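Open the model in your viewer and keep the selection tool at hand. The tour goes stop by stop.

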Amino acid sequence: MSGGFFQRIRSGLSRTRTAVVDRIVDAVGGRRLDDDTLEEIEEILISTDVGVDTALAIVEGLRTRSRETPDADVFDMLQAELEQILAGDDGFDANALPARPYVLLVVGINGVGKTTTIGKLGQRYAEAGRKVIMAAGDTFRAGAVAQLEVWAQRAGADIIRAQQGADPGAVVFDAVQAAISRDADVLLVDTAGRLHTKVNLMEELKKVRRSLTKACEGAPHDTLLVLDATTGQNALAQAKSFHEAVPLTGLALTKLDSTARGGIAFALRRELGVPIRLIGVGEGIDDLQSFDGGEFVRALLARE
Ligand SMILES: Nc1nc2c(ncn2[C@@H]2O[C@H](COP(=O)(O)OP(=O)(O)OP(=O)(O)O)[C@@H](O)[C@H]2O)c(=O)[nH]1
Ligand SMILES: [Mg+2]
């Protein structure tokens with residue numbers, strides 16, 4: 001992978017890195033790992049939202065490793081422990097499409113970065129020579145369609161939309177039919193993150209999902225949950241409730257550039273078991289990156 005990619009996540013993750021690396025350097029300070037330093041490392045991990053259970057497991061792993069190889073570097077051991085948690089995550093590949101049209105349903109609460117993520121993905125697929133259609137399934141929020149339209153234009157994608165207040169299920173059904181009849185490669189389905197207080201978001205998303213399946217057997221081929229890393233442990237609770245409503249196949253973790261709580265990636269991977277496919281480390285087009293567990297850990301633990 002290119003140095004530019006590593007540099008970008010590295011700078012994007014600078015807040016979490018400072019919160020982890022500097023404090024571990026202070027805590028260990030050339031000493032060997034003992035109960036006190038391990039306890040401090042546990043606290044540091046918890047403060048970056050690794051979660052209590054996951055932090056405990058990591059520290060137990062460190063304890064075992066330091067017993068087996070007492071002279072090993074703390075950061076090398078930590079890197080191995082963290083990589084082990086994130087091992088096997090696939091990332092995102094604009095050239096690998098499991099179906100045609102490939103239907104990607106994007107869900108998440110309001111403001112997490114769904115529409116931005118769809119816009120950036122649309123551009124990636126377009127660059128890979130794919131014909132893209134975007135479905136404006138957020139019919140609730142004023143301005144939602146206009147926002148998606150800007151991204152669609154930028155990516156040269158078609159957009160299927162309806163009037164504000166229209167039934168999202170009907171919009172996405174039409175969008176699948178359009179994707180089939182226009183011979184599109186990819187259909188990116190945007191959804192609302194918030195509805196009228198009387199309408200339950202999860203019930204609405206189940207309906208949207210059913211409409212997609214009705215319009216095309218096997219769709220949605222992937223359901224991506226977008227999570228805002230700045231919400232920390234709350235992201236884990238959100239992920240659990242979405243996963244119950246619409247089975248998730250991947251996660252996108254955004255705003256890692258503006259938080260020191262990137263440890264949530266480990267809690268999510270370990271406690272939810274859904275792979276992280278994308279990370280957002282800024283608002284620019286290049287700031288949505290395919291997730292690579294090894295690169296992520298290296299960027300997180302990089303010392304000057
Ligand atoms: N710093 C930073 N900002 C981001 C990132 N991803 C998205 N944003 C910003 O977050 C804000 C909300 O993004 P949207 O894409 O509109 O979020 P949404 O989930 O579609 O929101 P609703 O449609 O209201 O549900 C925008 O200002 C984005 O530019 C990221 O990785 N880093
Ligand atoms: Mg949106």
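**Start in the middle of the sheet**

Select β4 and look at its two faces. V186, L188 and D190 on one side are buried, and so are L187, V189 and T191 on the other, which leaves both faces covered. The coordinates come from a predicted model. Count along β4 (186–191): six of its six residues are buried. In a regular strand, side chains alternate between the two faces of the sheet.

**The neighbours of β4**

Add β1 (102–107) to the selection. β1 and β4 run parallel and pair over four bridges. Pick V103 and look across: its bridge partner in β4 is L187.

Now add β2 (residues 132–137). β2 and β4 are also parallel, joined by six bridges. Here A136 stands opposite D190 of β4.

Go on to β3 (158–160). It pairs with β2 in the parallel sense, over three bridges. The pair to pick is A135 and I160, bridge partners, with I160 in β3.

**Out along the other side**

Return to β1 and add β5 (residues 222–228). Four bridges join β1 and β5 in the parallel sense. V107 has L225 of β5 as its bridge partner. How many of the seven residues of β5 are buried? Six are, so the strand is largely enclosed by the rest of the structure.

Then select β6 (residues 250–254). β5 and β6 pair in the parallel sense over five bridges. V226 stands opposite A252 in β6.

**The whole sheet**

Show every strand of this sheet. In what order do the eight strands lie? The order is β3-β2-β4-β1-β5-β6-β7-β8, in an open sheet with mixed pairing. The edge strands are β3 and β8 (288–290), each of which pairs on one side only. Turn the view along the sheet: neighbouring strands are turned by 25 degrees against each other on average, direction ignored.

**Helices on the sheet**

Select α7 (residues 144–155). α7 lies across β2, β3 and β4 and runs at about 175 degrees to β2. Next take α9 (residues 201–215), which packs on the sheet and touches β1, β2 and β4. The direction of α9 makes about 175 degrees with that of β1.

**Around ligand 1**

Select ligand 1 and the 22 residues around it. Which of them come nearest? They are G113, T115, T116, G193 and G280. Helix α6 (residues 114–127) gives the most to this shell, three residues. Colour the shell by class: four residues are nonpolar, 11 polar and seven charged.

**Zoom out to the domains**

Colour the chain by domain. Domain 1 covers 3–86 and domain 2 covers 102–290. Their C-alpha centres lie 32 Å apart. The contact takes 18 residues from domain 1 and 22 residues from domain 2.

Stay on the side of domain 1 that touches domain 2. Four elements give two or more residues there: α1 (3–12), α2 (14–28), α4 (52–68) and α5 (74–86). Which element supplies the largest share of this side? α1 does, with four residues. Finish by colouring this side of domain 1 by class: nine residues are nonpolar, five polar and four charged.

Methods:
Residues numbered from 1 in each chain as written. Chains lettered and ligands numbered in written order. Predicted model: local features only at pLDDT ≥ 70, side-chain atom pairs only at ≥ 80, totals over all residues. Domains from an automatic or database assignment. Contact = placed C-beta atoms within 7 Å. Nonpolar A, V, L, I, M, F, W, Y, C, P; charged D, E, K, R; others polar. Near = placed C-beta within 6 Å. Pairing = 2+ DSSP bridges. Axes fitted to C-alpha atoms, helices over the stretch in contact; angles between N-to-C directions. Buried ≥ 20, exposed ≤ 12 C-beta atoms within 10 Å, placed from the backbone.
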